[in-house]
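Dear colleague,

I am handing over the structure we spoke about, with the sequence alongside. Please have it open while you read the notes beneath it.

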Amino acid sequence: MPSPPLAPDDGPIDTGHLAQMTLGDASLEREVLAMFSAQAAGLVGKLATLPSDALALAHTLKGSARAIGAFAVADAAAVLEVAIRNANDPQPALAELAGAVAEARAAIDAILRRS
């Protein structure tokens, strides 16, 4: 029988981390989730064209994602940063990031509907 994970698998958003970062303020949680969802969608759209500031945009998304507990998004943004920095083909990393953001946004939508 497998051991339980050391950290609970909260899905695309670690709600425990989010609660800790917002000091348990449910209103603030909803506000930052809505802001992140909009920001993430915008940044993924911009990153798709690989603008000259793509590295900075990926870094911004990574930090925002970590702040709300969207760790899969943060990890995918970090992979994109490495690809850009190393002049590797960024398309696989962009696809991974877009998928992670879509999952996080779907989870955020579900959280906001419950609130």
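What follows is an account of how some of the helices pack and of the nonpolar core.

Please keep in mind that this is a predicted model. Helix 2 (residues 26-47) and helix 3 (residues 54-68) have axes that come within 10 Å and cross at roughly 155°; since angles over 145 degrees count as roughly antiparallel, the two helices are therefore roughly antiparallel to each other, and their crossing is left-handed. Among the residues that make this contact are Val 32, Phe 36 and Leu 43 of helix 2, together with Leu 57, Leu 61 and Ile 68 of helix 3, and by class the contact divides into 13 nonpolar, 3 polar and 1 charged residues.

Helix 2 also packs against helix 5, at an angle of about 155° and with the axes 10 Å apart, which makes this pair roughly antiparallel; the crossing is left-handed. The residues in contact include Arg 30, Phe 36 and Val 44 of helix 2 and Leu 97, Val 101 and Arg 105 of helix 5, and the contact comprises 14 nonpolar, 1 polar and 2 charged residues.

As for the largest nonpolar core, it has 30 residues, of which Ile 13, Phe 36, Leu 61, Ile 68, Val 73 and Leu 97 touch the most other members. Helix 2, helix 3, helix 4 (71-85) and helix 5 (91-114) each supply at least two residues of this core, and the largest share, 9 residues, comes from helix 5. Leaving aside neighbours within four places in sequence, Val 73 is in contact with residues including Phe 36, Leu 61, Leu 97 and Val 101.

With best wishes

Methods
Residues numbered from 1 in each chain as written. Predicted model: local features only at pLDDT ≥ 70, side-chain atom pairs only at ≥ 80, totals over all residues. Heavy atoms only, no water. Axes fitted to C-alpha atoms, helices over the stretch in contact; angles between N-to-C directions. Helix = DSSP H or I, 4+ residues; strand = E, 2+ residues; numbered from the N terminus. Parallel < 35°, antiparallel > 145°, perpendicular 65-115°, else oblique. Left-handed = near helix turned anticlockwise from the far one by under 90°. Contact = heavy atoms within 4.5 Å. Nonpolar A, V, L, I, M, F, W, Y, C, P; charged D, E, K, R; others polar. Core = buried A, V, L, I, M, F, W, Y, C linked by side-chain atoms within 4.5 Å. Buried < 20%, exposed > 50% of the residue type's maximum accessible area, 1.4 Å probe, protein only.
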